[in-house]
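User: I would like to learn how to read a structure like this one, feature by feature. Where should I start?

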Amino acid sequence: MKHMTCWILLLGSLLLGVTAGCGVRSGRSGGGGGGLAADDDDSAAADDDDSAAADDDDDDSAALEGCAADERVEEYVVGEEKLGDEGLVLFRMGSLAPSPVDVGDNDWQLTLEGVDAGEPLSGCALMATPWMPDHGHGSNNPTAIEGPVAGDYEFTELAFIMPGYWEVTLLADCPGVGGADTLMVTFCIDD
Ligand SMILES: [Cu+2]
């Protein structure tokens, strides 16, 4: 009933150039004219602009925020060796499951080698700290288990709790290499 009244008023107002009181969305285009006729123009224009702009936004955000367009994301290459920040440990990237990573628990295998001797490093404490710098939050902080082959380690519950850009900092504390070493590996999960 209220709706009908409003429509009738709205129809009337289109003729009269008056829309006040019918809950017609006021334009957020910033025009904001005080005149009654201007209000009419605003609401009509705002509706048109909004839908058009919303469509554009969707397209833009896909292009601007997608993983493919995020220059921070490094390609993950199985077998690639990355030197730790302290220059003590070589982190060799192993298999991911799922691959590419996805929201939820991920399995991540890595091999650790000593830089000096080039030998596999056993007995390391290897931890991962996932972090979303864009949102200021992490998820869990899993500890890897050692595999049957010397130097092999595996995370079974590396949790990415939402899509987006993730930085995972590895901390490897291995005996006999002179200290702990760290390495950041980037991942990205599209919506
Ligand atoms: Cu987040």
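Analyst: Start with the secondary structure. This is a predicted model, and its chain comes to two helices and nine strands.

User: What pattern does the chain follow when read along the sequence?

Analyst: The pattern is α-α-β-β-β-β-β-β-β-β-β, with the two helices ahead of the strands.

User: How do I read the way strands are arranged? In which order do the five strands of the open sheet come?

Analyst: Sheet order is read from strand pairing, and it need not follow the numbering. Here the order is β1-β2-β3-β7-β6, with antiparallel pairing. The edges are held by β1 (81–83) and β6 (145–146); each has a single partner strand, so one side of each is left without a neighbour in the sheet.

User: How many bridges join β6 to β7?

Analyst: Two bridges join these antiparallel strands. Glu-146, for instance, has Tyr-153 in β7 as its bridge partner.

User: Next, burial and the core. How many residues does the largest nonpolar core have?

Analyst: Take the chain as a whole, then the core. Buried residues account for 17% of the chain's 191 residues. The largest nonpolar core has 23 residues, and those with the most contacts inside it are Val-89, Leu-112, Cys-124, Leu-126, Ala-172 and Cys-174. At least two core residues come from each of β2 (89–97), β3 (104–114), β4, β7 (152–160), β8 (164–174) and β9 (179–189).

User: Which strand gives the most to this core?

Analyst: That is β8, with five residues.

User: Which residues does Cys-124 touch, leaving out those up to four places away in sequence?

Analyst: On that count, Cys-124 touches Leu-112, Tyr-153, Ala-172, Asp-173 and Cys-174. For the chain in general, among contacts with a separation of 6 or more, 48% are between residues 24 or more positions apart.

User: Now a single loop residue. Where is Asp-134 found?

Analyst: Asp-134 is in the loop between β4 (125–132) and β5 (137–138).

User: Why is Asp-134 classed as partly exposed?

Analyst: Exposure is read from a neighbour count. Asp-134 has 13 other C-beta atoms within 10 Å; a residue is exposed at 12 or fewer and buried at 20 or more, so this count falls in between.

User: Which residues does Asp-134 touch, again leaving out those up to four places away in sequence?

Analyst: Asp-134 touches Gly-164 and Tyr-165. The C-alpha atoms of Asp-134 and Trp-166 are separated by 8.7 Å, with the two residues 32 apart along the chain.

Notes:
Residues numbered from 1 in each chain as written. Predicted model: local features only at pLDDT ≥ 70, side-chain atom pairs only at ≥ 80, totals over all residues. Helix = DSSP H or I, 4+ residues; strand = E, 2+ residues; numbered from the N terminus. Contact = placed C-beta atoms within 7 Å. Core = buried A, V, L, I, M, F, W, Y, C linked by C-beta atoms within 7 Å. Pairing = 2+ DSSP bridges.
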